[in-house]
Amino acid sequence: MVTGLSGSGKSSLAFHTLYAEGQRRYVESLSTYARQFLDQLDKPEVDAIEGLSPAIAIEQRGAGANPRSIIATATEIHDYLRILFAAIGIPHDPETGEPLERMMPVDVVKSLTERPNGTKIILLAPLDPGVAEDIPALVRDLQRQGFVRMRVDGILLEVEEAEKRWPTEEKERFDTIEVVVDRLVLREGVESRLADSVETALQICGAEAVASLQIPGSEEWEDISFLTGFRNPKTGFEVPELTPRHFSFNSPKGACPDCHGLGSEQFCDPDLVVPDRTKSLQGGAIKLPKKGGREMSWKQDRVAGLAEHFGVSGEAPFHDLPEEFQNALFYGTGGMEVPMLLQSGGRSFLRNVVFRGICRDVERLYEETSSESVRGQMGRFMAARNCQSCQGRRLREEFLAVKVGNDGDGSGLGIDEFCALPIEEGGEWLEQVKIPDDREGTVRPIVEEICR
Ligand SMILES: [Zn+2]
């Protein structure tokens, strides 16, 4: 029982404690593979919590979500969505829309069986060092799955031995932790066992298997790493093995590289540079100061030179000027040199000038200047818009092209498309999503969690 004054945070305390413990138990019940993706909460500082099932406790939320609000606003489900897309999403080529083909474990097996007969092979599955924070849980998990050895920082140990030697100090932490999946000697007829083991190794890590090899007659062991992923055989376009981080705009792995996951970008808006298009060039159509700003595209002599080059009148209203000229004025002449009569120190001289464009100069100055006042001045011509690379969808295009809920025919939904659905529709769609049999145990609870 929790007692205290009204508003003192009783339910929050109770809730957070239960949430932390509930999530910890849920995470423990997941496979090693799924677990490494979840940020585990610290074990709450209590002696025991009884009667709590290993389920996900959902955070306290306002009563009754509006059924017409879209999924994107229900932020608490994003963690589960990212796991879902990483687990069963099918990557497509963003250019052609074709589904990518998985690079198969059979390719790994083929490469290994090409070694000489008698080669000793230790097949290993790398683990994220983060999973080792709760080493007793990891050891229990490995033993339950029948693994007896691991390799930590290159040393082979029985799992119990590894647990005993596990460093308690952060700075002594092991850098590499691998599960020994199989040890075998290469000879005729070993292929199917090797194939099973490679598959197991790839399932544990989800992306990588390591084979440590000793060629007959050699003292040396050599490590070979096999990464799997997806590939378009026609174009060679590749996507790595999917992880939930690839669907997070907070992670550099997933975020659109141009807007860094913000979804928007700042740009110099031509409508702010020329707010009144009934004015002429000579009548002050361009709002930027004519003086100062050395070599800037908006300086009077340069604008006049460009107008002359295009045969454009300085007295005509701006909206009557040809589009070609307007484009060049804002975005430059594309590297082409234009002869211009420039003024400097009371003298005029003819120069061939690459006209960079007013908007390009404003953007560059805004980003690069160290002067607060110049930045403020340029900022008056800047506006925000959707990022042109991701159209505001915040993720890299290859991960936006990962679809769930189809058989590779392009009819599934990307994570952004799913998030744009109204909540009810999204729930119905999710319920009919096909889950591959081998992922059913891990993925079904996640689907149920999202549907709640
Ligand atoms: Zn972007």
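A crossing of two helices is called left-handed if the near helix is turned anticlockwise from the far one by less than a right angle, and right-handed if it is turned clockwise. The exercises below apply to a predicted model.

**Exercise 1.** Describe how helices α11 and α12 cross, and list the residues through which they meet.

*Solution.* Begin with the axes: those of α11 (residues 358-368) and α12 (residues 372-379) come within 8 Å and cross at roughly 145°. Next, assign the hand, which for this crossing is left-handed. Then turn to the residues in contact, where Val362, Leu365, Tyr366 and Glu367 of α11 meet Val374, Arg375, Met378 and Gly379 of α12. Sorted by class, this contact comprises five nonpolar, one polar and two charged residues.

**Exercise 2.** Determine the geometry of the zinc site and how its donors are distributed along the chain.

*Solution.* First identify the protein donors, which are the SG atoms of Cys256, Cys259, Cys387 and Cys390, lying 2.3 Å from the zinc ion. The angles among the four donor atoms are 105 to 115°, and the site is tetrahedral, because four donors count as tetrahedral if all angles lie between 85 and 135 degrees. Along the chain the donors follow the spacing C-x2-C-x127-C-x2-C. Distant parts of the chain are thereby linked, with Cys259 in the loop between β10 (238-240) and β11 (264-268) and Cys387, 128 residues apart from Cys259, in the loop between β14 (382-386) and α13 (397-400). Both Cys259 and Cys387 are buried.

**Exercise 3.** Decide whether Phe355 is buried or exposed, and locate its surroundings.

*Solution.* Phe355 lies in the loop between β13 (347-354) and α11. Its relative accessible area is 2%, so Phe355 is buried, the cut-off being under 20%. Beyond its neighbours within four places in sequence, Phe355 contacts residues including Arg302, Leu306, Leu329 and Met336. Gly332, 23 residues apart from Phe355 in sequence, is 5.2 Å from Phe355, C-alpha to C-alpha.

How values were computed
Residues are numbered from 1 along each chain as its sequence is written. This is a predicted model: local features need pLDDT of at least 70, side-chain atom pairs count only at pLDDT 80 or more; totals for chains, interfaces and linings use all residues. Side-chain values use heavy atoms; hydrogens and water are left out. Axes are lines fitted to C-alpha atoms, for helices over the stretch in contact, and angles run from 0 to 180 degrees between N-to-C directions. Helices (H or I, at least four residues) and strands (E, at least two) are DSSP runs, numbered from the N terminus. Contact means heavy atoms within 4.5 Å. Ala, Val, Leu, Ile, Met, Phe, Trp, Tyr, Cys and Pro count as nonpolar, Asp, Glu, Lys and Arg as charged, and the others, Gly among them, as polar. Donors are N, O and S atoms within 2.8 Å of the metal (3.2 Å for Na, K and Ca); water is not among the atoms, so sites may look incomplete. Four donors count as tetrahedral if all angles lie between 85 and 135 degrees; four count as square planar and six as octahedral if opposite donors are over 155 degrees apart and all others between 65 and 115; anything else is irregular. Buried means under 20% relative accessible area, exposed over 50%, partly exposed in between (1.4 Å probe, protein chains only).
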